[in-house]
Each structure stands twice: as structure tokens, then as C-alpha cells.
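Reader: Could you take me through this structure and show how each label is earned? I would like to see the reasoning behind the words.

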Amino acid sequence: MEKFPSVKRATATSTAGDDKYDVEQPAPPLPASEASQKPYFELTEQMPHLTDPKLISEMRLAVSGVAQTRSMLQALGERPDHESVDTAKAKLAEIEMNLAMQLEEIALSPRGEESPKDVEERKALEREKQIYKSVLSLDEMHEAYEKLLTEAEERLQKIYDAAVAGGDVADIEEKEEVVEEELNEDVVTILKAAEGNEPVERVNLSGKRLKFLPEAFGRIKSLVVLDLSNNQLEAIPDSIAGLESLEELNVSSNLLEALPDSIGLLFKLKILDVSGNKLTALPDSICRCRSLVELNAGFNKLSYLPTNIGYELVNLRRLSVPLNKLRHFPSSIGEMKSLCFLDAHFNELQGLTPSIGRLTNLEILNLSSNFSDLKELPQTIGDLSSLKELDLSNNQIHELPDTFGRLDNLMKLNVEQNPLVEPPKEIVDEGVEAVRAYMVKRRLDRLLAEEQRSMFEENTEANSSILTRSASWLTRMVSNVTGNLSGYLGAAGNSNADPYLNQPR
């Protein structure tokens, strides 16, 4: 999309000298009174070689479609993260079950009617149900508009390519062509060998320009290692589940937009490389590949990881997800107790789940280049007792957490290109040991200040309590003395007074 030229558009803030319209970053929308007016794009000035009126019209419509779809996505607000969506689905199922049980209890009751308490409970469940349904509805709307946006951008790309090539509308019309793909000779040879009961354990088809993989590949039961990297594959057949002995699968650098759910049946799979594709998500079924030791899903379009990935992939040692669009890690990632290596640079991470502190075997952590999104680290980062290398460069971190000084095994630290205040730059320049010592002292100083404040508050309360008790004691004493004096002073009127003491002298 960066190839498209800027085109003119009348907006609420446009002036005579500033009337360019950026396809990637549309200007603010027009006022409501002018919203019905279609924007006018001076394509003929930007692309003077355009002469076909239909092509110009198509491009204007395409640009307008992209802009409108993006506006709708912006109006929807932030999309719920995958973990929230999964939680909403689980809660909805739970509520539906509770409602069904409640109806069953009412049907079996003698009166067959709801009690006031049952009515209130049902209404509360219905309200909760609507909340979770709203979360799912918002996610579905985002999904639909993102799909529309992708289609609109692809159409705009086709029109632009046709315009640059000097074509016309006919060149961009979609034509269904039936193309019979011929099987690659190497593939045929492998399949014949497998059919002849010849044991086939390792297959390397890297760089063979393969556009598809035949279903028959799933019948090679003896296959242990399969390399399909650097091809033009757009899909992996479901029959891959038949590779029951497969331990290594490399499908990197292809054109895959999704992985089959059947990949979860590869129970012996230890190494999976799906990097360099067009994946927007990993199937939830991948969590069933519990033998996985290495997973590389870098350089894709992932916006989330499966919610339960940490609960299931407990043997994973290396997780690489750089150059994606991840905004959060699922909280379950803290259960990957075997994880030693985690690379998530060049994403859109807005923070880390506190559960990351449970990765006590993690040695290398790369969180660099999340830019303006990553602004702070959780205090639990100090619990990564095995951490040796930490890259936090190119973020917006202002201070390291107080617990940072507990990273006793840290040997390499990169915090360049951060607006770091604590620790100060001169300390950072002295190296890891200086940073650790500074953070230890800072934490001790804070703990000491907190302890002194706590002691002061306790002493204040204690003194206040003593004064209160003293005042109470003094009040009681005065009351007693007053009572005694009153007794003596009032003795003259008492019929029981001693007559000897009352004799005149």
C-alpha cells in the first residue's frame, strides 16, 4: 500500500495549500452536513498516464472503500484480545448450562413455578449473558470489517497495478481459470518409493516451487523429517495428520494463510517452523502437539497466541514469534516451565502478563522494538532467576521495576532507545553489574523508607492510644474523687451519721 500516491481530498481541515489525501492515514472525517458528499480524488494529476475513465472511476471507488472500511474499524474501537474472547465463550457456555439446569429444576418442582429468588438469579444470568455476547459480537464485527478491508486493499492493489501497466478495466476483472497443476517430479518419486514399501524417513523439498502438496503425502507413515520451506504453498492438506511419526516440520517461507486443525494430531512433533508466511492465527489444536520443543512462528501476521498454549505445551523450550502483531501474551504462558528462549521483538506488545515471572528456566528474552506500545515491565520480571540475556531496546520504558536487582544471572542487557530515567544513563553505561547494584540499592532504600514510615505510623498510633488511655484513667480518678467528696460533704443530712463526730466543741 505504500506504493500508492497521495491524492487530493476535501476535508474539514484542508486548506488551499494542504489538500493531499493519504490512503494509509485518512484525514479526519467531514462534518455531518458534508458527510454525504463523496470525496474527489485528483488521480489524473497524480497519474497523468491514466486515460481510461472506467479505470479512474474504479480506483476512486476502491480508495473510498478502503478509507470507509478503516473508519468503521476505528469507530468500533479496540478489538477484544483472544483470551477475553475465549473467556466469554466459556462463560456463555457455563451460563447456558446453568439456565438449562434452572429450567429443569422448575419443571420438576411440585408447583412448576419460579420462586422470587429463582427469578432474580435468572435475570442476573441473563444480564451477564448479554455482556459476554457483546464481547463476541464486537469481535465478530472486527473480523468482518478486517476481512472487508483486506479485500478492498487487494482490489485497490490490482487496480493500481493495472493502471501502472497502462491497462484497462478488463485487466482487473477476476477470471476463474482452471489450472491443472502438474506434480513435481521429486514429489512423484517420493510417493512411488513410499508406495513400494520403501521406508521414507526424511524428505527435503525446499525451494522446489511447489504450489500444492498432494493428499497422498499423508500416507507416508514412516516420515520423521519434512522440509517444505521456500516454496509457494498456500495450504497444507488435512491429510498431514496421517504422518504419525513426524518429529520435524518446516513450512517456512511459503504463502500459508492458515494451518489445518489436523496439525494437532501430530503427537510426536518436536520442531515446527511456520515462519515467513501470512498466518493471522495459530489453530487452537496446535496446543495438542505436546511433544513440541521448538516453535518458530515469526514474520507472520499473528495478533494473538492460543489461550491455552502454556497449559498444554509444557515441554516447549524455544518460542520465536518476532515480526508479528502480538499485543498481549496469554496468561497461560507462565506455565511453560521448560521455556529457555523467548523472542517477541518487533510486535505491538502493550505489556507483559505478571505470570511471565513463573518462567524460572528462561535464559534469553527479547522484547525489543515494540516501540511506543511497551512502556513498563511487571514486578515479577525479577523472578526470572535463570535469565542471562534481556533485550529491551527501542521501547518506551521509563523505569525498570524494583525487583530488577534480583536477576543475579543476568549477563547481557540492552535498554538503548528508551526514555529511561531509573536507572540513569550514566549507570546504564557502566554495564549490567552497575545497573543491578543500583536497582538493589534503590529497592533497599525504598524498603527502608517504607519501614520507617510504617514505624512512624505505628508510634503515632501507639502514642495516641497511650494518651487516650491516660485521659480515660484520669477521668475515672477525678470521677471517683468527686464522688467521695460528695459523699463526705453530704454526710450532714445523713440519718446514719456518727453523733460523736457531730458534737459541738
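Reader: Why does K208 count as buried, exposed or partly exposed?

Author: Happy to start there, with the reminder that this is a predicted model. K208 has a relative accessibility of 33%. Buried means under 20% and exposed means over 50%, with partly exposed in between, so K208 counts as partly exposed.

Reader: How do you know that D186 and K208 form a salt bridge?

Author: The test is a side-chain nitrogen of Lys or Arg within 4 Å of a carboxyl oxygen of Asp or Glu. For D186 and K208 the N to O distance is 3.2 Å, so the pair passes the test. D186, like its partner, is partly exposed, with a relative accessible area of 33%.

Reader: Which parts of the chain does that pair tie together?

Author: D186 lies in helix 5 (residues 185-195), while K208 is in the loop between strand 3 (202-204) and strand 4, so the bridge ties together parts that are 22 residues apart in sequence.

Reader: What makes R290 and E312 a salt bridge?

Author: Their closest N and O atoms are 2.8 Å apart, and the limit is 4 Å, so the pair qualifies. This bridge links distant parts of the chain: R290 sits in the loop between strand 6 (271-273) and strand 7 (294-296), and E312 in helix 6 (residues 309-312), 22 residues apart. R290 is partly exposed at 40% relative accessible area, and E312 is partly exposed at 24%.

Reader: Why is R442 called buried, and what about E422?

Author: The cut-off for buried is under 20%. R442 has 10% relative accessibility, so R442 counts as buried. E422 has 21%, so E422 counts as partly exposed.

Reader: How do you know that E422 and R442 meet in a salt bridge?

Author: Their side chains come to 3.5 Å, N to O, and within 4 Å is what the term asks for. E422 is in the loop between strand 12 and helix 7 (425-429), and R442 is in helix 8 (residues 432-489), 20 residues apart. Salt bridges with shared partners also join E399, D402, E422 and R442 into one network. The structure holds nine salt bridges.

Reader: What makes T403 buried or exposed?

Author: T403 has a relative accessibility of 7%, and buried means under 20%, so T403 counts as buried. T403 is placed in the loop between strand 11 (389-391) and strand 12 (412-414). Leaving out residues up to four places away in sequence, T403 touches Q379, I381, G382 and R443.

Reader: And why is E234 called buried or exposed?

Author: Here the value is 56%, and exposed means over 50%, so E234 is exposed. E234 is found in the loop between strand 4 (225-227) and strand 5 (248-250).

Reader: What makes E151, E154, E234 and E257 a patch of negative charge?

Author: Glu counts as negative, and these four gather on the surface. Patch members need over 30% relative accessible area and no salt bridge, with like charges joined within 9 Å. E234, at 56%, passes the area requirement.

Reader: How does the whole chain look in numbers?

Author: There are eight helices and 12 strands in the chain. Of its 505 residues, 38% count as buried. The accessible surface comes to about 30,100 Å², and 51% of that belongs to carbon and sulfur atoms.

Technical notes:
Residues numbered from 1 in each chain as written. Predicted model: local features only at pLDDT ≥ 70, side-chain atom pairs only at ≥ 80, totals over all residues. Heavy atoms only, no water. Patch = residues over 30% accessible without salt bridge, like charges linked within 9 Å, V, L, I, M, F, W, Y side chains within 5 Å. Areas by Shrake-Rupley, 256 points an atom, 1.4 Å probe, with all protein chains shown as cover. Charge placed at Lys NZ, Arg CZ, Asp CG, Glu CD. Helix = DSSP H or I, 4+ residues; strand = E, 2+ residues; numbered from the N terminus. Buried < 20%, exposed > 50% of the residue type's maximum accessible area, 1.4 Å probe, protein only. Contact = heavy atoms within 4.5 Å.
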